[in-house]
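Here are some exercises to help you find your way around a new structure. Try each task on the model first, then read the solution beneath it.

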Amino acid sequence: MVAFEHPHGMHPPQAQWELPFFDPHHGELAQRLADWSALQRVDESDDRAACRDWVARLGEAGWLRYCVPGAHGGALPELDSRSLVILRETLAFHSPLADFAFAMQGLGSGAITLAGTPAQQTKYLGAVARGEKIAAFALSEPEAGSDVAAMATRAVQAGSGWTLDGSKTWISNGDLADFYVVFAKTEPDAGARGISAFIVDAPHAGLDSSAHIHVMAPHPLATLRFQACEIGGDALLGPLHGGFKLAMRTLDIFRASVAAAALGMARRAFAEAVAHAKQRRMFGRTLADFQLTQARLGEMSALIDAAALLTYRAAWQRDRSSTQGAGTPAYTAAAASAKLSATENAQRVIDMALQMFGGRGVQVGQKIESLYRDIRSLRIYEGASEVQLLILGKAALK
């Protein structure tokens, strides 16, 4: 598969960046990214090689600088959610794998941005921004997905350092990353309050990342196994026993951008459907001439607009100020609403687009077929739809 091909002169829309949620520089960013995107050609037949290629390209072009703060080579003084939304929506429109490569640089280094020591930030963040180090976020376990507090991986103090034992699974960039932010129990009986975070460089003695996981929309995933994995005291990230809160803060920052990735995929499916409806002829007319087609396109358009407004609102809300940003109940609810609506709506839009293509829609190699596989995981990772519903329900009852 080659990414960033534009059948029918297809490009993502730009008018949405003129909404009041955005500033002029956001529109300029979107236009520069769109211009750059049109020139890229990446062979994605090998997902791991493609991700390395994308990280290198994104780093060289300066796009990964939006994943880290300005003090460490970032493009802006602080992480800007609206910029992340623009980048992910635009990249996902063209290539979900490009979006994945970008997103994991941000998520994998986000905890270091939030809680790293100056030495940790200096060692990792600049390299992430330049695309020289690939980052990964290791939270999930075989028996601890949505229930993070149930994790079984242990970190035990050994002299001046720590020894890790346990496993992590569904780890994006597994066996590809240069370092992992790993969450482990440092006080086993304390539930969520007994979790700490650590930075583990790869390769590392006692870490086996060779068990790759193959999924319906190929991208690098693996299970990590830690067996007497010894790390130094300087590997502790943030306060001891502060890992759960750090993980939630990190996910909070990027949750609105997950919604944006779904939105980008939905917009691409919609563009493909519109182009197909205009040229596909049936019974002497184009598919677009039928009222049933027009009604379906109208429904798809409304679902996209609803998701977009919730996504942009959440990003704007986080960026407004430190008092109304990530971690506040209002933002957490807004991000949950955006992530839920955008991923669920995108699934519906892409399904309707595929139906419009008929048999061609399920043919391997068609863009609409790959989008159908790509969108499915977004309703699960970084907080499944059911978790977002719980967040919103609890917010409503307060």
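**Exercise 1. The largest pocket**

Find which helix gives the most to the lining of the largest pocket, and describe that lining.

*Solution.* Keep in mind that this is a predicted model.
- Step 1: Start with the contributors. The elements giving two or more residues to the lining are α4 (96-115), β3 (161-172), α6 (243-279), α9 (367-376) and α10 (385-397).
- Step 2: Pick out the top one. α6 gives the most, with seven residues.
- Step 3: Look at the whole lining. It is made up of 40 residues, and L251, I380, Y381, E382 and G383 are the ones that lie nearest the pocket's centre.
- Step 4: Sort the lining by class. There are 22 nonpolar residues, along with nine polar and nine charged ones.
- Step 5: Add the volume, which is about 1,400 Å³ for this pocket.

**Exercise 2. Both sides of a strand**

Work out whether the residues on each face of strand β1 are buried or exposed, and find the bridge partner of A136.

*Solution.*
- Step 1: Locate β1 at residues 135-138.
- Step 2: Split the strand by side. A135 and F137 are on one side, while A136 and A138 are on the other.
- Step 3: Check burial, for which relative accessible area must be under 20%. These four residues are all buried, so both faces of β1 are covered.
- Step 4: Look for a neighbouring strand. β1 pairs with β4 in the parallel sense, over four bridges.
- Step 5: Follow A136 across to β4, where its bridge partner is Y180.

**Exercise 3. Two residues with positive phi**

D175 and F283 each have a positive phi although neither is a glycine. Place each in its loop and decide how exposed it is.

*Solution.*
- Step 1: Begin with D175, whose phi is about 70°. D175 sits in the loop between β3 and β4 (179-185).
- Step 2: Judge its accessibility. D175 counts as partly exposed because its relative accessibility is 33%, and that class runs between 20% and 50%.
- Step 3: Turn to F283, with a phi of about 50°. F283 belongs to the loop between β9 (281-282) and β10 (285-286).
- Step 4: Judge F283 likewise. F283 counts as exposed because its relative accessibility is 74%, and exposed means over 50%.

**Exercise 4. A cis peptide bond**

Where is the cis peptide bond that joins A202 and P203, and what is its omega?

*Solution.*
- Step 1: Read the angle: omega is about -5° for the bond between A202 and P203.
- Step 2: Place P203, which lies in the loop between β5 (195-201) and β6 (207-212).

Conventions:
Residues are numbered from 1 along each chain as its sequence is written. This is a predicted model: local features need pLDDT of at least 70, side-chain atom pairs count only at pLDDT 80 or more; totals for chains, interfaces and linings use all residues. Side-chain values use heavy atoms; hydrogens and water are left out. On a 1 Å grid over the protein atoms alone, a cavity is a set of points where a 1.4 Å probe fits but cannot get out, and a pocket is an open set with protein on both sides within 12 Å along at least five of seven lines; lining residues have an atom within 4 Å of a point. Grid points are joined across faces, edges and corners, and a volume is the space filled by probe spheres set on the points. Ala, Val, Leu, Ile, Met, Phe, Trp, Tyr, Cys and Pro count as nonpolar, Asp, Glu, Lys and Arg as charged, and the others, Gly among them, as polar. Buried means under 20% relative accessible area, exposed over 50%, partly exposed in between (1.4 Å probe, protein chains only). Two strands pair if DSSP finds at least two bridges between them.
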